[in-house]
Amino acid sequence: MRIIIILLISLNSLYPALAQTCNAPEEVCGWKNRIVGIKTPNMIASGIVLSDGFILTNRHVAEDHPTLLIRNRAGSIIPARPLPHAMPADLALLRLDGHEGLPATPLSFSDIQPSQLYVVAFDQGRNEPRV
């Protein structure tokens, strides 16, 4: 019994360190700090902070919801609203309450086909961003 408890304690102390590691290139791992959790009335999803006050997520997450709740890295909950657009893609731009205008960073898309694809998102099971 003591061995099992010691093993569980050891694994629990190692788990956060394992969850924090990122085996992707540095420029990919850097995006982890910009990931937020998004809560709607019927789902939990993730988004990425583009600039102060603006978050990019999937349109199917934000559509039909006038307000969404954003959980940032510090654990704060902030309401956000989707901005209307006519872009034919499954993307939505959210503006955090208290912010005005549009993002300072213009949105652009690349035609370059990557040789390797990385997914950076909020892992609900681990309650943290993950690559």
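Here is a short walk through this chain, from its overall layout to its barrel, core and disulfide. Keep in mind that the model is predicted.

Let's start with the big picture. The chain has 131 residues, and 28% of them count as buried. Its secondary structure amounts to three helices and eight strands. If you trace the chain along the sequence, you get α-α-β-β-β-α-β-β-β-β-β, with two helices ahead of a run of three strands, then a helix, then five more strands. As for contacts with a separation of 6 or more, 48% are between residues 24 or more positions apart. On the outside, the accessible surface adds up to about 9,100 Å², and carbon and sulfur atoms hold 59% of that.

Now for the barrel. Six strands close into it, with antiparallel pairing and the order 1-2-3-6-5-4. On average, neighbouring strands in this sheet are turned by 40° against each other, direction ignored. One pairing to look at is that of strand 3, residues 54–57, with strand 6, residues 92–96: the two run antiparallel and are joined by four bridges. Within this pairing, Ile55 has Leu94 of strand 6 as its bridge partner. In general, strands of a sheet pair through backbone hydrogen bonds, either parallel or antiparallel.

Ile55 and Leu94 also take us to the largest nonpolar core, since both are among its twelve residues. The full set is Val36, Ile38, Ala45, Ile55, Val61, Ala62, Leu68, Ile70, Ala80, Ala92, Leu94 and Leu96. Where do they come from? Strand 1 (35–39), helix 3 (59–62), strand 4 (68–71) and strand 6 each supply at least two residues. Strand 6 gives the most, with three.

Leu94 is a handy residue to click on here. Leaving aside residues up to four places away in sequence, Leu94 touches Ile38, Gly53, Phe54, Ile55, Thr57, Ala62, Leu68, Ile70, Ala80, Arg81 and Pro82.

Finally, the cysteines. The structure holds one disulfide, and it links Cys22 to Cys29, with the sulfur atoms 1.8 Å apart. This link is left-handed, with -85° about the S-S bond. Are its two ends buried or exposed? Cys29 counts as buried because its relative accessible area is 17%, under the 20% cut-off. Cys22 has 22% relative accessibility, so Cys22 counts as partly exposed.

Conventions. Residues numbered from 1 in each chain as written. Predicted model: local features only at pLDDT ≥ 70, side-chain atom pairs only at ≥ 80, totals over all residues. Heavy atoms only, no water. Buried < 20%, exposed > 50% of the residue type's maximum accessible area, 1.4 Å probe, protein only. Contact = heavy atoms within 4.5 Å. Areas by Shrake-Rupley, 256 points an atom, 1.4 Å probe, with all protein chains shown as cover. Pairing = 2+ DSSP bridges. Axes fitted to C-alpha atoms, helices over the stretch in contact; angles between N-to-C directions. Core = buried A, V, L, I, M, F, W, Y, C linked by side-chain atoms within 4.5 Å. Disulfide = S-S within 2.5 Å.
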